[in-house]
Amino acid sequence: MAQDDIFKKIIAHSKEYGFIFQSSEIYDGLGAVYDYAQNGVELKNNIKKYWWDSMVKLNENIVGIDSAIFMHPEIWKASGHVGAFNDPLIDNKDSKKRYRADVLIEDYIGKLEEKIEKEVKKGIKKFGESFDEEQFRATNPNVLRNKTKIDEVQKRFVSALEANDLDEIRNIIIDLKINCPMSGTCNWTEVRQFNLMFDTKLGSVADDANTIYLRPETAQGIFVNYLNVQKTGRMKLPFGIAQIGKAFRNEIVARQFIFRMREFEQMEMQFFVRPGEEMEWYEKWMETRLKWHKALGFDQENYRFHKHDKLAHYANAASDIEFKFPFGFKEVEGIHSRTDFDLSQHQEHSGKKLQYFDPETNKNYVPYVVETSIGLDRMFLLTLSAAYKEEKLDNGEIRVVLRIPPALAPVKLAVLPLTKKDGMPDKAREIMNELKLDFNCQYEEKDSIGRRYRRQDAIGTPYCITVDHQTLEDNTVTLRDRDTMAQERIAIEDLYDILNNKVNIKTLLKEVL
Ligand code: ATP
């Protein structure tokens, strides 16, 4: 099935099964803003827990905070967001559609990369066992032609970005004949810079002095609290501060469902280190974070690192973890070595010393920072995209199943009485009342067992139990596994252990230790 179709199905599935609703839907929605529904909020909370525990619980030297969304406006001048948090935008004069100029060029490069991969696949098919991929990539004329083209475009693009040369960015789009996907024409406006921060007024007097911003990232709330945490927690370098919270960006082109939203959530951790040791920690966090992703057990081929060609003003190294979404490899998480930029800027703008006294070297200095920053909503979309499967069963039927890792699944157990008679519902309730103290359970008695299984498959419930006549006689139930669809008879008293072994977040945390 075409990837576009899969993506459409995932979006439709998210709504139909109570994961995500368009915000303000009865008023025709609000662009790029979404609400998490009854199953979505559970999945989201579980992802948060997996991230939070892996940071704060597993690391003695990482603590969490929850800072306010509103902050002193000077913070955003110090961080560079007032002056430089811009995206280059361009409009197509025929369709009147607006695009991010950099994304148009990146997508063009992405298409060339796809062509190379297609060529390699053709090679594998043609040469079978004897296929030497390395040699093929180094010698095949089509691969080489596309590779040279990518390098050329990349080089021109990076130097235009570095020089902040908006005319050159436009020239690249024109020279490459990149057309508007809507109108199909190359009739473009100039490229302009657009600041992504939302502003609002604090208090009742509407003058400029009261303009404050909705934070575009959670990181600054960590930086401005760095000394408070260090002192009150008696933290010694290296140490980290983690935070999960909302961020807001007035994205020019909000597309691809919850991939790019205007209100979203970030899970960020700033790790403070000795100057000079940042590269070691940067490498270490890249490895740790990839391990965290891979522990979920999704197709390992679908992850890759992308090293930044153009570094942000604050960074001396940066990489993204990219995942293969149905619309291609895209960033889910950034790992950035931010030097002492942020703390030094806040020191200068606030006039307060933000230094660390190192008892080992007897010196005062501003620590360096390595950050890991992941979008919670993107992680949610990653999980749905990787978990969504349409499977053909032996009887020819198609079942739609979300193979969500059990520890993240919204509902862990469905309790199903075979019929509404003979005291089965009472027995089912009794089991559920015990287990719901530990696990998120759902009770369902409507429709045939088969249809109830399908509904649970569609929301990713790892286990269903059926209470039947035999249960009333010997206290056993049928336990049905979502992935294998196998059913086995087990004693009610064993249920807790079986479930706990599979759905406890511990199962994931052990993998990242
Ligand atoms: P992009 O290049 O996709 O705009 P970015 O490089 O600006 O992302 P960062 O500022 O590094 O992103 O933010 C860290 C993480 O926050 C990203 O990896 C992404 O997962 C998430 N994120 C950023 N912007 C959005 C958004 N508009 N909607 C949802 N998640 C976002």
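A polar side-chain atom of Glu251 lies 2.7 Å from a nitrogen atom of the ligand, and that contact is a good place to start a tour of this predicted model. Two further contacts join it. The side chain of Arg100 has an N or O atom 3.5 Å from an oxygen atom of the ligand. Phe259 takes part through its backbone instead, with an N or O atom 3.5 Å from a nitrogen atom of the ligand. How much of the ligand does the protein bury? Taken alone, the ligand exposes 590 Å², and the protein buries 86% of that.

## Who surrounds the ligand

Let us widen the view to the whole shell. There are 16 residues around the ligand, and those that come nearest are Glu251, Arg260, Met261, Glu331 and Val332. So you meet Glu251 again here, in the group that comes nearest.

Which kinds of residue make up the shell around the ligand? They divide into seven charged, five polar and four nonpolar residues. Three strands each supply at least two residues of this shell: β10, β13 (328-339) and β16 (368-375). Of the elements that contribute, β13 has the largest share, with five residues.

## A cavity in the protein

Next comes some empty space. Rolling a probe the size of a water molecule over the atoms shows where empty space is left. In this structure there is one cavity of 30 Å³ or more. The largest cavity holds about 50 Å³ of space.

Which residues line the largest cavity? They are Tyr34, Tyr36, Lys44, Lys246, Met261, Glu263, Phe264, Glu265 and Asp377. Met261 deserves a second look: it belongs to this lining, and it is also one of the residues that come nearest to the ligand.

By class, the lining has five charged and four nonpolar residues, with no polar ones. Two strands, β2 (34-36) and β10 (263-273), each supply at least two lining residues. It is β10 that gives the most, with three residues. You have met β10 before, since it also supplies at least two residues of the shell around the ligand.

## Following strand β10

Gln270 sits in strand β10. Is Gln270 buried or exposed? Its relative accessible area is 0%, and because buried means under 20%, Gln270 counts as buried. The side chain of Gln270 still has a polar partner, as it makes a polar contact of 2.8 Å with the side chain of Glu371.

Val273 is found in strand β10 as well. Val273 is buried, with a relative accessible area of 0%. How far is Val273 from Thr218 in sequence and in space? The two are 55 residues apart in sequence, and their C-alpha atoms are 19 Å apart.

## Other buried residues

Here are the buried residues side by side, with their places in the structure.

| Residue | Place | Relative accessible area |
|---|---|---|
| Glu217 | loop between β8 (211-213) and α9 (219-223) | 7% |
| Gln270 | strand β10 | 0% |
| Val273 | strand β10 | 0% |
| Thr339 | strand β13 | 16% |
| Thr476 | strand β22 (residues 476-481) | 13% |

Glu217 is a buried residue in a loop. The side chain of Glu217 makes a polar contact with the side chain of Gln220, at 2.9 Å.

Thr476 gives us another pair to compare in sequence and space. Thr476 and Gly18 are 458 residues apart in sequence, and 32 Å separates them from C-alpha to C-alpha.

## Backbone details worth a look

Finally, try tracing the backbone itself. Which bond joins Leu237 and Pro238? It is a cis peptide bond, with omega at about -5°. Pro238 is placed in the loop between α10 (226-232) and β9 (239-248).

Two residues other than glycine have a positive phi. For Thr339, phi is near 50°, and this residue is in strand β13, the strand with the largest share of the shell around the ligand. For Asp422, phi is about 55°, and its place is the loop between β19 (413-417) and α14 (424-435).

Technical notes. Residues are numbered from 1 along each chain as its sequence is written. This is a predicted model: local features need pLDDT of at least 70, side-chain atom pairs count only at pLDDT 80 or more; totals for chains, interfaces and linings use all residues. Side-chain values use heavy atoms; hydrogens and water are left out. On a 1 Å grid over the protein atoms alone, a cavity is a set of points where a 1.4 Å probe fits but cannot get out, and a pocket is an open set with protein on both sides within 12 Å along at least five of seven lines; lining residues have an atom within 4 Å of a point. Grid points are joined across faces, edges and corners, and a volume is the space filled by probe spheres set on the points. Helices (H or I, at least four residues) and strands (E, at least two) are DSSP runs, numbered from the N terminus. Ala, Val, Leu, Ile, Met, Phe, Trp, Tyr, Cys and Pro count as nonpolar, Asp, Glu, Lys and Arg as charged, and the others, Gly among them, as polar. A residue is near a molecule or strand if one of its heavy atoms lies within 4 Å of it. A polar contact is a pair of N or O atoms within 3.5 Å; within protein, one must be able to donate a hydrogen and the other to accept it, and residues adjacent in sequence count only if both atoms are side-chain atoms. Accessible areas come from the Shrake-Rupley method with a 1.4 Å probe; for residues, only the protein chains shown count as cover. Buried means under 20% relative accessible area, exposed over 50%, partly exposed in between (1.4 Å probe, protein chains only).
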